[in-house]
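Me: I have a new structure open and would like to learn how to read it. Could you take me through some of its features one at a time?

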There are 4 protein chains.
Amino acid sequence: MNHHKYALTPPMGWNSWDCYGATVTEDEVKGNADYMAENLKMYGWEYVVVDIQWSEPGAVSSAYRPFVPLDMDEHSRLIPATNRFPSAANGKGFKPLTDYIHSLGLKFGIHIMRGIPRQAVHQNTSILHSKATAREIAKPNSICPWNTDMYGIDSSKDGAQAYYDSLFELYAEWEVDFVKVDDIADSRLYGTHTEEIQMIRKAIDKCGRPMVLSLSPGPAPLEHASLLEENANMWRMTDDFWDHWELLYNMFERCYKWSKNSGPGHWPDADMLPLGHIGIRSVDGGASDRFTRFTKDEQRTMMTLWSIFRSPLMFGGELRDNDEWTLSLLTNEEVLHVHQHSYGARQVFRDDDKVVWSSKDDDGNTFVAIFNLNDTEENVTVNLEQLGYTSNVNVRNLWERVDLDLGSTHHNLSFTLAPHASVFLKLY
Amino acid sequence: MNHHKYALTPPMGWNSWDCYGATVTEDEVKGNADYMAENLKMYGWEYVVVDIQWSEPGAVSSAYRPFVPLDMDEHSRLIPATNRFPSAANGKGFKPLTDYIHSLGLKFGIHIMRGIPRQAVHQNTSILHSKATAREIAKPNSICPWNTDMYGIDSSKDGAQAYYDSLFELYAEWEVDFVKVDDIADSRLYGTHTEEIQMIRKAIDKCGRPMVLSLSPGPAPLEHASLLEENANMWRMTDDFWDHWELLYNMFERCYKWSKNSGPGHWPDADMLPLGHIGIRSVDGGASDRFTRFTKDEQRTMMTLWSIFRSPLMFGGELRDNDEWTLSLLTNEEVLHVHQHSYGARQVFRDDDKVVWSSKDDDGNTFVAIFNLNDTEENVTVNLEQLGYTSNVNVRNLWERVDLDLGSTHHNLSFTLAPHASVFLKLY
Amino acid sequence: MNHHKYALTPPMGWNSWDCYGATVTEDEVKGNADYMAENLKMYGWEYVVVDIQWSEPGAVSSAYRPFVPLDMDEHSRLIPATNRFPSAANGKGFKPLTDYIHSLGLKFGIHIMRGIPRQAVHQNTSILHSKATAREIAKPNSICPWNTDMYGIDSSKDGAQAYYDSLFELYAEWEVDFVKVDDIADSRLYGTHTEEIQMIRKAIDKCGRPMVLSLSPGPAPLEHASLLEENANMWRMTDDFWDHWELLYNMFERCYKWSKNSGPGHWPDADMLPLGHIGIRSVDGGASDRFTRFTKDEQRTMMTLWSIFRSPLMFGGELRDNDEWTLSLLTNEEVLHVHQHSYGARQVFRDDDKVVWSSKDDDGNTFVAIFNLNDTEENVTVNLEQLGYTSNVNVRNLWERVDLDLGSTHHNLSFTLAPHASVFLKLY
Amino acid sequence: MNHHKYALTPPMGWNSWDCYGATVTEDEVKGNADYMAENLKMYGWEYVVVDIQWSEPGAVSSAYRPFVPLDMDEHSRLIPATNRFPSAANGKGFKPLTDYIHSLGLKFGIHIMRGIPRQAVHQNTSILHSKATAREIAKPNSICPWNTDMYGIDSSKDGAQAYYDSLFELYAEWEVDFVKVDDIADSRLYGTHTEEIQMIRKAIDKCGRPMVLSLSPGPAPLEHASLLEENANMWRMTDDFWDHWELLYNMFERCYKWSKNSGPGHWPDADMLPLGHIGIRSVDGGASDRFTRFTKDEQRTMMTLWSIFRSPLMFGGELRDNDEWTLSLLTNEEVLHVHQHSYGARQVFRDDDKVVWSSKDDDGNTFVAIFNLNDTEENVTVNLEQLGYTSNVNVRNLWERVDLDLGSTHHNLSFTLAPHASVFLKLY
């Protein structure tokens, strides 16, 4: 499991989906990368990821156009649409864009759908390093129910592994650092495509470049926790996450259920952060162009849960439109320390939608996140004994960066929290 | 529900699937039609049906070749492969073959898959009498899991009904009498395609020709009994039926469950009769070229159940290879009288796999079928009271065409039956 | 199937559940019977049914008290609680009450739960005409999930049939005319209890009294249509029906699905009519003491659907509190003629929640029910051809008892209907 | 999660079920304990567990007698049947037996069903330290489908926690060390009873005695991995395990799926070891009195899998009837070292039913288990690189206690294995 060396801490980056749907352009990618290099890189943010359908010249939103032609090379491999990614002209693929991202000290990621283009199958095009043709390796009934681009690959066929190998050979030529594979972790029609996950693992191992492997969409089933950990670096615990309280509310249960299966190189993923300016060319998530619908309390609650649980952090908004508040959510070193360096995260209790999580770090600090998931103001109290402390401790509020004087509450941490609000503490 | 006038008695005919899979040729169809005209027509047999993939020039067995090109006209409609159906050359379609069948005093039927060819969708070809194109009416995720020919039609789209109308306009031009639509009654992936059933009903009603509509595959769910009856003439109660005792055994339960939903113009269908010489170019049903694996007792048991239940009778073997026994199963007027003219079929009882069915006719006769479904010889007794008789009656064995002397069994019909055997009686 | 002679037309009556939950008393039963005899009997209403838990002395509402003792005889049979049914004292059971009901020219019905009392099983009491004891015939895991009174009966055990026989022997002594058996048609935990249905059928056939058999709760699955028809006189298509529009809305689909399985002696049942004064001692249905929450349009829509579909009509309110409007719903001979004497009911079409049903009678009349299920006023038009008429016909509004002058709408019946409203017509 | 300190290594012991079903007696328990003290204690075996229905005086096999009376104290708590456990007379419960077991230097465990006796509920008996009665805390529909002893407890009711507290107060008085709770981890009818698991956790934490908590039956769902780990010490991955190859074959997949959720204090459990003389008074597992039906190869394969996976080891046979071979399976210190002291167990690969597992210990040793799950002899090869070694290593066969000379196979471990056989190696 050498791939567990690739993402020793949960990845942090930007992804184009929440703001640009299936339509992001090279200029927009570069613009967000520039912003990241200038404002976020020093805090650990590093991945710049182009999401779905970069081969579709006519993509106009997050709604896919069924059955339309995609840009493809002579070996049945999708390539960037040059009207959207001009530097990809003349067969250069994403290499020029990767070079640019790398020049900023950042890393580059792409999205792919599992499988081979349906257009390749119906045209019966060739496969690199194989005598098999597209028609021969496609699995006839293996479709994605929400996108018409691909057929799945039949692992029992000659040429099947060769096709995945040829894809990652190309991505390695492009010097891609991160691949998000879609329609694979919970494929709606067919559950988890375990065989294609294993073919992709082998293809990455063969290609010689240590790409981080991210699997979508969720909810990936816990039933496959071992397989996911042994083949991928991150996998979605949830269907697409958007700026609805209900989705955030449900994430607490998801994190609880997956909390024992997270660790260096393998991270259950709570999905992108729909923060800041999103929906610019997307109609997904029940809304269009907007600033996040989450309240400030909800935004901190989300960042707190993602951080103590150690989900990957992938910002979904147009970074260049960040306001000061949004930027502050991404640049709090004390919070990000928990995200990058804590371990042993667990839900201490959940009673009446009052939830407490804790974790530790190697310096002996304990981190405590206290959440009020109710729609009413509530007092939430956690006994220090439940956290492993028998006497008074020092307590620091991580978001506010201030030490707290707990006064007479010798044995308890007790907070009155607004609806959906939280506090994030360090005990030391 | 004018279509209930089309098949007032359960249809009887021949179908190419059990012997020729997806590969039947014009000569073979004509040869079987000739045989039917000469040997069976006088007993009520009339339909000659070409089963699946008559547009596939390279079909070699019952195993479909995925993603291969099909013969298609300029309006996205599949047409006969002329290498297999030479008379279809020059755009004549099935009209010459229909003419031939009609000249014999018989009727002609074809099989279609619901939907529009995938090749039409990926080539985005045109639709007759509509501005819509193939891509625009296909339902993206509506595939058949066992055959790659088609995409389903999205009934909400302009051009959807027009496409089905154009199909049946063509079949009316060909003077087709019977259409078996597949991947629709129980589509495996998606259950029953109720909207496409309704579009097809409308298309037939519009086309002006009274074609019998048969829906496959089964088991059609009882949940949709009303919809099936109101839109079709027959629908499958079962997945493909083959010459395995287990499948025949299970048919008793299926017939029981559907017995209240059978009547003039609407017939739950127990599927083709895998009798005589079958599997000639088919590998379906767990075997290849053979005479039916059913024992003689099982063959009569099958014919008896199909007849008293009034399932359509579609012979599956190569008629020209019938032996005398096989022919005798198809030409017993006393048995076929029950099939064509009885009503009120019901399972009288089922105890320990001893099963009794009865029905009546307008002449006051009662028909009784007594089955031993056990693997051992058993005595099966039915009390005359259970059949509505209080005194002695005359009893005739229909298969043997002899009157029985019941002797002292004044109140009971009692038979010792070999494993899987049956008797079929008339009480008068 | 002699039992099909018991309820040749769909039963009409009163049931205590909607107004009195599990608590009805003898006086209340008699009071409603008196009202029925005086006001409704001449219209065909005849059954007076005591619903659930007449053996529970302490019943206080529709919420059952778990595990409480029930009144039981020495043979493990539940008997009426004499504090609620004083005439049952001295072991007389329901016989005195039945006598009273019969003296009014009406019929008497009771509710039972399938199975044997848990208290009998844990006390291991005896069974009449059998050496088996209660413990020996109970099916260990066969409970009802919403009521703790009974264990199911294991049909494979000696004494099982004897116990059901002993029950119906007792009910025959009481001269009961109608038995509603609960937890049997769709038992929530275990689906349909087909074996207990068959034991009950045999027990009724043996007892020598032609009791109507009604099965609850629903939705009974269409999968068991044959079995239900062959063993019962009516069975619920639905879970408990209450005065919520959503439940009434859904009944249209249920009636459509069951419309082919209705006929003399066997009636799919849309459940009681929650009309008039209901919820008097019931907290079921999301409300308590009230007049029905259905609007007048909805009440007529319900009565129209129940009548043309020919569901049994069981009034649920306290009859003595009926106002003039409510009484008018039960005493329209023209509407009740359709309920008692029409046949061939079918949904003619359903488009955009505009629904049309039709049926016929032996005098050549056609009945048409036109419904607007939308929440907005809508125009609903039905073409006379869809109803089998090619020229003008006479049209009568059944609820208003007036003939309509359709004027220039020669070929259509067209009505503007308020939300949830309907018209009920006779064409002649 | 203090309970993770109770079973830092996977428990080892003996359980009465496989040999004595529901019928074990005090003498038999003592006899097996004596054997363990003399022959196994020095190898780490320590728990002596009395399995199900020690309150049933008339238990005769593994088949439960439905609805029979159980021995119970005045507080609705089951107590040992004194005809089977004479030392329990005079209200002493299991204390005298525990004392005896403890005197041998061993630990004592009991089995319980979740919930409260049905007989308590129907008699409405009292609950210690609570005003609630049995009837008031029982959850009406919460039964076990395979045993009629109990109703589940409704955690929302006053007295619910008190009842579980009263149970563990009693078990603490008896000085019980281990409690196996049944009908709770995968309850067949209702899935996992998470609320009762949490009540039991609280009751143990309150009782002041560090009892190991074991949950049955399986398969516990991975969906609840977090909850199980946070509340129990071991939980079943499987339904009852018996001496059938198919069950052992399937355990490989179960172990793979749970391999990430095993660690100090929390052990996924592959169930008892059906070795030696089993089925003495049991008819479960498809056979009766016998020596294990597993071949010797299968026995070692089982012990190897249980050891490297670190499942609890609970011997199921009558220990006193062990032969030398059987004893040898329990007393190999080199194998047991892996069971007690390794970590990081993972399935290295599984191809064509050739399976390799590995783990490590703190001394730098690597353990490798190589299995042939095929029904034919097979060669199984594992590359040293797959195990993290790049050069030659020393290899020791743990079962045979011999060092191997791998000769020229510098880079591979390669073995020809009989059907169902395995080798268990140490690399150092």
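Reply: Happily! Keep in mind that this is a predicted model. Let's begin with a sheet, which can be read by listing its strands in the order they lie side by side. In chain A, eight strands form an open sheet in the order S10-S9-S8-S7-S3-S2-S1-S13, and their pairing is parallel.

Me: Which strands are the edge strands of this sheet?

Reply: Look for a strand that pairs on one side only. Here the edge strands of chain A are S10 (267-269) and S13 (313-315). On average, and ignoring direction, neighbouring strands in this sheet are turned by 25° against each other.

Me: How many bridges join S1 to S2 in chain A?

Reply: Strand S1 (residues 12-15) of chain A runs parallel to strand S2 (residues 47-50) of chain A, and three bridges join them. To find one yourself, go to Trp14(A): its bridge partner in S2(A) is Val48(A).

Me: Now for helices. At what angle do H9 and H10 of chain B pack?

Reply: For a pair of helices, look at the angle between the axes and at how far apart the axes are. Helix H9 (residues 245-258) and helix H10 (residues 296-309) of chain B pack at about 20°, and their axes are 11 Å apart. H9(B) is therefore roughly parallel to H10(B), as angles under 35 degrees count as roughly parallel. The crossing of the two, H9(B) and H10(B), is left-handed.

Me: Which residues of H9(B) and H10(B) meet there?

Reply: From H9(B) come Trp245(B), Leu248(B), Met251(B), Phe252(B) and Cys255(B), and they meet Glu298(B), Thr301(B), Met302(B), Leu305(B) and Phe309(B) of H10(B). By class, this contact of H9(B) with H10(B) has eight nonpolar residues, one polar and one charged.

Me: Let's move on to the chains. How many residues of chain A are in contact with chain B?

Reply: Count each side separately: 13 residues of chain A are in contact with 13 residues of chain B. On the chain A side, helix H4 (118-123) and strand S5 (138-144) each supply at least two residues. That side is made up of seven nonpolar, four polar and two charged residues.

Me: What turn lays chain A on chain B?

Reply: To relate two copies, ask for the turn and for the shift along the axis. A turn of 180° with a shift of 0.0 Å along the axis lays chain A on chain B, with an RMSD of 0.0 Å. The two copies are thus related as by a two-fold rotation axis. Among the residues of chain A, His122(A) comes closest to that axis, its C-alpha being at 3.8 Å. Both copies use the same surface, as 100% of the contact residues of chain A recur in chain B.

Me: Which chains do not touch?

Reply: Chain A and chain C have no contact, and their closest C-alpha atoms lie 24 Å apart. Chain B and chain D do not touch either, with nearest C-alpha atoms 25 Å apart.

Me: Finally, what should I look for in the backbone?

Reply: Most peptide bonds are trans, and most residues other than glycine have a negative phi. Exceptions are worth a look. The bond joining Ser216(C) and Pro217(C) is cis, with omega about -20°. Pro217(C) sits in the loop between strand S8 (212-215) and helix H8 (225-231) of chain C. The peptide bond from Gly218(C) to Pro219(C) is also cis, with omega near 0°, and Pro219(C) is found in the loop between S8 and H8 of chain C.

Me: Where is Asn90(A) found?

Reply: Asn90(A) lies in the loop between S2 and helix H3 (95-103) of chain A. Although not a glycine, Asn90(A) has a positive phi of about 60°.

Notes. Residues numbered from 1 in each chain as written. Chains lettered and ligands numbered in written order. Predicted model: local features only at pLDDT ≥ 70, side-chain atom pairs only at ≥ 80, totals over all residues. Axes fitted to C-alpha atoms, helices over the stretch in contact; angles between N-to-C directions. Helix = DSSP H or I, 4+ residues; strand = E, 2+ residues; numbered from the N terminus. Parallel < 35°, antiparallel > 145°, perpendicular 65-115°, else oblique. Left-handed = near helix turned anticlockwise from the far one by under 90°. Contact = placed C-beta atoms within 7 Å. Nonpolar A, V, L, I, M, F, W, Y, C, P; charged D, E, K, R; others polar. Least-squares fit on C-alpha atoms with pLDDT ≥ 70 in both. Pairing = 2+ DSSP bridges.
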